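Biologist: Could you take a close look at one part of this protein for me, the disulfide and its surroundings in the chain? I would also be glad of some background on the whole fold, and a word on a buried threonine if there is one worth describing.

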Amino acid sequence: IAVFASCKKNDDDTEVTLISVTNIVGSYKIASVTLLAGGTSRDVLNDNTFFEACERDDVTAFASNGTYTITDAGVVCTPPTTDNGAYSVNVTTKTITIDGEVMKIESLTNKKIVVSKTSGSGASAITMTSTLAKQ
């Protein structure tokens, strides 16, 4: 019994205080994607206009060398797809740049990362916020 008690998994969703490549390394699945435009927010993860069903369960793996790989997992696309590229983290601005696209890191915990990107400004601004759940 003592062996099982000592192996209890930590279920706390603890905020990471230092945003760095080291703290982002890992595998993630998309948990949610919302689009905020004109004061209205909507779920776009489950909208076939933005994501095909076979893309919603893909796994993105961020490696410590600044590369990432997206693997077609679960429901497989036809043809199956894999994507890879480069990413970097700016500790000062709390941003992540993936293949040249800069996104703000809204929060980082031991279980998830939330990023956002805003296009436009004022009343015409559109913000896409994505939550990636660590696997």
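Modeller: Happy to; I will start with the whole protein, then turn to the disulfide, and end with a threonine in a loop.

Please keep in mind that this is a predicted model. The protein has two helices and nine strands. Read from the N terminus, the order is α-α-β-β-β-β-β-β-β-β-β, with the two helices ahead of the nine strands. Along the principal axes, the C-alpha atoms take up a box of roughly 60 × 40 × 30 Å. Of the 135 residues, 32% are buried. If you take the contacts with a separation of 6 or more, 43% of them are between residues 24 or more positions apart. The exposed surface of the protein comes to about 8300 Å², and carbon and sulfur atoms supply 55% of that area. As for charge, there are 11 positive and 15 negative ones, and their mean positions lie 8 Å apart.

Now to the part you asked about. The count is one disulfide, and the cysteines it joins are Cys54 and Cys77, with an S to S distance of 1.9 Å. You may like to check the geometry yourself: the angle about the S-S bond is 95°, and the link of Cys54 and Cys77 is right-handed. The pair ties together distant parts of the chain, 23 residues apart. Cys54 sits in the loop between strand E2 (40-43) and strand E3 (59-62), while Cys77 belongs to the loop between strand E4 (67-71) and strand E5 (82-90). Both cysteines, Cys54 and Cys77, are buried.

The threonine is Thr109, and this residue is also found in a loop, here between strand E7 (101-108) and strand E8 (112-119). Thr109 counts as buried because its relative accessibility is 6%, and the cut-off for buried is under 20%. Which residues does Thr109 touch, leaving aside its neighbours within four places in sequence? They are Asp13, Thr14, Glu15 and Val16. With Asp13 there is a polar contact too: the side chains of Thr109 and Asp13 come together at 2.5 Å. So, for your close look, the loop positions to pick out on the screen are Cys54 and Cys77, along with Thr109, whose buried status follows from that 6%.

Notes:
Residues numbered from 1 in each chain as written. Predicted model: local features only at pLDDT ≥ 70, side-chain atom pairs only at ≥ 80, totals over all residues. Heavy atoms only, no water. Helix = DSSP H or I, 4+ residues; strand = E, 2+ residues; numbered from the N terminus. Buried < 20%, exposed > 50% of the residue type's maximum accessible area, 1.4 Å probe, protein only. Contact = heavy atoms within 4.5 Å. Areas by Shrake-Rupley, 256 points an atom, 1.4 Å probe, with all protein chains shown as cover. Lys, Arg positive; Asp, Glu negative; His and termini not counted. Charge placed at Lys NZ, Arg CZ, Asp CG, Glu CD. Disulfide = S-S within 2.5 Å. Polar contact = N/O pair within 3.5 Å; in protein donor to acceptor, adjacent residues only side chain to side chain.
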